[in-house]
Amino acid sequence: MEQVLKKHNIAEKVICLSADNTNSMFGGAKRAGSNNLFCKLKKKLNIPLIGIGCMSHIIHNSVETACSQLPLDVETFIIKVFKYFHIFTVRTERLKEFCEFVNIQYEKVLGYSSTRWLALMPAIERIIKLFPALKAFFLSEEKCPVTIKSFLEQEDCELWLMFVHSQLSLFDTAIRKTEKQDATLSESLSSYKLLQTQLTNRKEANFVTVPVKSLETNVFQENANGKKRFRSFVHTFYDTALSYLDMWGVHYEAYTKFCWILLKTLPEWEDIEVCIPVVEIF
């Protein structure tokens, strides 16, 4: 990279490295060590280089990490269900019969790419729509995969599917705003901070959506301990997501002071003045 910069005579004009958040790029969340592109480039160019990691990637990983703390592995369940029907026409035809029996319109079970974790949202949405038929189908299968059967035998399995789906929409909205091709750092930071605020508010209220709350009441009608356990994991979900966003977001704190340029409110001179030392470095 250094050779390319010098070849085009722009090495002295570089002020920022924007890249993925892998260890090889920045050295992890703490940006420790010297065997990474950011550290090497900063040393070679001998400038106070700004390092901006991918916020979409951070948000993506925050919800994945939060979901990993839930008692049921929704991601694995979705993958297993998709693979069970993928290219198996006979199984699909039997599922259609179950859909007809429970009066549900059959739609194809969706898969998703693990490289884009939030593509899980439409896959979960489809599973929820077909859930009565899918549950009846698998529990009647003679050789039902153990992972799927174990998931479906939990009384709160549908509840966790609905909870994860309801949360994914929040993260998906933030990602779509931060990954736009023409998004500025200030715009992305604004979306990042908004997500943190929304999650903080949800955490304080131990919030669940109305459909999730309604199903929660039905599932734990005579099980107060089950409801308490469910809410405990809900709190853990928010806490884990926020901790992840806070850990990685520390590298952007110095640039939140530039958010006044979005002109969402009339800026004061004090708002502009605090940005001058940062600009003068370059």
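1. E125, in this predicted model, is found in helix α7, and at 45% relative accessibility E125 counts as partly exposed, because that value falls between the 20% limit for buried residues and the 50% limit for exposed ones. E125 and V109 stand 16 residues apart in sequence, while their C-alpha atoms are 9.8 Å apart in space.

2. Helix α7, which spans residues 120-140, also holds F138, whose ring takes part in an aromatic pair. The count of aromatic pairs in the model comes to 20. In one of them, the rings of F85 and F138 have centres 5.6 Å apart and planes at 65°, and the pair is edge-to-face because that angle is over 60 degrees. Since F85 lies in helix α5 (residues 74-85) and F138 in helix α7, this pair ties together parts that are 53 residues apart in sequence. As for accessibility, F85 is buried, with a relative accessible area of 6%, and F138 is buried as well, with a relative accessible area of 1%. The ring of F138 also pairs with that of F137, the centres being 5.2 Å apart and the planes at 85°, so this pair too is edge-to-face. Both F137 and F138 are buried.

3. Aromatic residues elsewhere in the chain deserve a separate look. Ring pairs link W160, F163, F171, F220, F230, F233, F237 and Y238 into a cluster. Two arginines, in turn, are placed over phenylalanine rings: R31 lies over the face of F38, at 5.4 Å from the ring centre, and the charged end of R91 sits over the ring of F88, 4.2 Å from its centre.

4. Which way do the residues of helix α11 face, towards the buried side or away from it? In this helix, which covers residues 210-219, the buried residues are V212, L215 and E216. Seen down the axis of α11, these buried residues fall within an arc of 110°, and they therefore line one face of the helix. In general, an α-helix has 3.6 residues a turn, so residues three or four places apart point the same way. The face of α11 turned away from the buried side carries the exposed residues V210 and N218, whereas the buried residues of α11 pack against α9 (157-178) and α12 (224-249).

5. N21 merits attention for its surroundings. N21 is found in the loop between β1 (16-19) and α2 (23-26), and it is buried, with a relative accessible area of 7%. The side chain of N21 reaches the backbone oxygen of C54 at 2.8 Å, and a polar contact of 3.4 Å joins the side chains of N21 and H57. Leaving aside neighbours within four places in sequence, the residues in contact with N21 are F26, G53, C54, H57, I58, W248 and Y252.

6. Q196 is another buried residue, with a relative accessible area of 10%, and its place is in helix α10 (residues 185-205). Once its neighbours within four places in sequence are set aside, Q196 is in contact with L242, L245 and D246.

7. How many disulfides does the model contain? The count comes to zero. C39 is in no disulfide, and the nearest cysteine sulfur, that of C16, is 16 Å away; at 24% relative accessibility, C39 counts as partly exposed. C144 is likewise in no disulfide, the nearest cysteine sulfur being that of C157, 12 Å away, and C144 is buried, with a relative accessible area of 11%.

8. Two loop residues should be checked for their backbone angles. Most residues other than glycine have a negative phi. I87, however, has a phi near 65°, a positive value in a residue other than glycine. I87 is found in the loop between α5 and α6 (89-101), and at 69% relative accessibility I87 counts as exposed, because that value is over 50%. For N206, phi is near 50°, again a positive value in a residue other than glycine, and the place of N206 is in the loop between α10 and α11.

Notes:
Residues numbered from 1 in each chain as written. Predicted model: local features only at pLDDT ≥ 70, side-chain atom pairs only at ≥ 80, totals over all residues. Heavy atoms only, no water. Helix = DSSP H or I, 4+ residues; strand = E, 2+ residues; numbered from the N terminus. Buried < 20%, exposed > 50% of the residue type's maximum accessible area, 1.4 Å probe, protein only. Polar contact = N/O pair within 3.5 Å; in protein donor to acceptor, adjacent residues only side chain to side chain. Contact = heavy atoms within 4.5 Å. Arc of directions from axis to C-beta. Phe/Tyr/Trp six-rings, centres within 6.5 Å; stacked < 30°, edge-to-face > 60°. Lys NZ or Arg CZ within 6 Å of the ring centre and 35° of its normal. Disulfide = S-S within 2.5 Å.
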